[in-house]
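The following account leads the reader through a single protein model, beginning with one helix and moving outward to the rest of the fold. Please keep the sequence and the coordinates in view while reading.

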Amino acid sequence: MSDKILIVEDELQLARFVELELSHEGYEVAKAADGRTGLEMAESGEYDLMLLDIMLPELNGLEVLRRLRRSSDMPVIMLTARDAVMDKVSGLDMGANDYMTKPFAIEELLARIRAVLRQTEPKEAPAEHVTEADILEIDGVVVDTARHTVTCSGEPVELTNREFMLLAALMKNRSIVMSREVLLEKVWGYDYMGETNVVDVYIRYLRSKIDDVFGIHLITTVRGVGYVIK
């Protein structure tokens, strides 16, 4: 399956040029011309990487990135006419994976996209290393922690790395109600400084990709406590 790239750029001619080049390379491409629309599309969890301009209407690119990082670790490459050091530092400090200044050579952009996707893609273990302990199965949902794959009723389920980690944590602790704080520590790390509602956002992503698609009820909300897979 080809990687999906979201271009958030208000220079329509440039956005169209990049779209054509990426499509020619086999990527699936979507575009947004303002920051607010781009943020909504990015938060859907449907894209593997975002090309994000800084100077955007509605919301500027740095604000889009700041809000996106509350709930998503989707790779982001900043594209902007600004070349000031502080702009680059701000973007990288907020969680950008890379930074390119306009004008740029399309060949370099393509190379950087490939590099970022390689850095962020899940690593699969060789099949011979897979054991029964690596397989988690509940209600037709199968998580292979060695190969980093998920299937439901035999059909593949495409998850981001963070979605996979959250689902695996819940399945490993079957029938145990896990609080948001515990899930944050297990999935995002003990030093995570963001908001706890990121867990709710990712639970919603999982439900949209598993429960809604396959007509099952996998993850149960325990009001005031957290989440559980029974």
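In helix α6, the buried residues are R162, E163, F164, L166, L167, A168, A169, L170 and M171. Nine of the 12 residues of this helix are thus buried, so α6 is largely enclosed by the rest of the structure. Its length can be checked as well: at 1.5 Å a residue, the 12 residues of α6 should span 16 Å, and the end C-alpha atoms are indeed 16 Å apart, which agrees. The model under discussion is a predicted one.

Two of the buried residues of α6 lead directly to the packing of the interior. The largest nonpolar core has 32 residues, and within this core L167 and L170 touch the most other members. Two or more residues of the core come from each of β6 (135–138), β7 (141–144), β8 (149–152), α6 (161–172), α7 (180–188) and α8 (197–209). The surroundings of L170 can be listed individually: once neighbours within four places in sequence are set aside, L170 is in contact with M178, L183, I203, I219, Y227 and I229. Apart from this core lies another, of 21 residues, which includes A30, I54, L56 and Y99.

Beyond α6, in the loop between that helix and β10 (178–179), one finds N173. A polar atom of the N173 side chain lies 2.8 Å from the backbone oxygen of A169, a residue that is itself buried in α6. With neighbours within four places in sequence left aside, N173 is in contact with M178 and K186. M178 also appears among the contacts of L170.

Helix α8, another contributor to the largest core, holds an aromatic pair. A search of the whole structure finds one such pair. It is formed by Y202 and Y205, whose ring centres are 5.1 Å apart and whose planes meet at 65°; the pair is therefore edge-to-face, as the angle is over 60 degrees. The two tyrosines are three residues apart in α8, and so they are separated by about one helical turn. Both are enclosed: Y202 counts as buried because its relative accessibility is 2%, and Y205 counts as buried because its value is 8%.

Attention may now turn to an earlier part of the chain. G35 lies in helix α2, which comprises residues 35–42. Its relative accessibility is 0%, and G35 therefore counts as buried. Not counting residues up to four places away in sequence, G35 touches V8, L56, P57, E58, L59 and V64. One of these, L56, is also a member of the core of 21 residues. L65 stands 30 residues from G35 along the chain, and the C-alpha atoms of the two are separated by 9.5 Å.

The overall figures place these details in context. The secondary structure comes to nine helices and 12 strands. Of the 230 residues of the protein, 44% count as buried. Among contacts with a separation of 6 or more, 56% are between residues 24 or more positions apart.

Finally, the confidence of the prediction should be considered. The average pLDDT is 86, and 88% of the residues score at least 70. Over residues 123–128, however, pLDDT stays under 50, and for this segment the model has nine contacts beyond four places in sequence.

Note on methods: Residues are numbered from 1 along each chain as its sequence is written. This is a predicted model: local features need pLDDT of at least 70, side-chain atom pairs count only at pLDDT 80 or more; totals for chains, interfaces and linings use all residues. Side-chain values use heavy atoms; hydrogens and water are left out. A nonpolar core is a set of buried Ala, Val, Leu, Ile, Met, Phe, Trp, Tyr and Cys residues joined through side-chain atoms within 4.5 Å. Buried means under 20% relative accessible area, exposed over 50%, partly exposed in between (1.4 Å probe, protein chains only). Helices (H or I, at least four residues) and strands (E, at least two) are DSSP runs, numbered from the N terminus. Contact means heavy atoms within 4.5 Å. Rings of Phe, Tyr and Trp (its six-membered ring) pair if their centres lie within 6.5 Å; planes under 30 degrees apart count as stacked, over 60 as edge-to-face and the rest as tilted. pLDDT is the predictor's confidence in each residue, from 0 to 100. A polar contact is a pair of N or O atoms within 3.5 Å; within protein, one must be able to donate a hydrogen and the other to accept it, and residues adjacent in sequence count only if both atoms are side-chain atoms. The expected span of a helix is 1.5 Å times one less than its number of residues.
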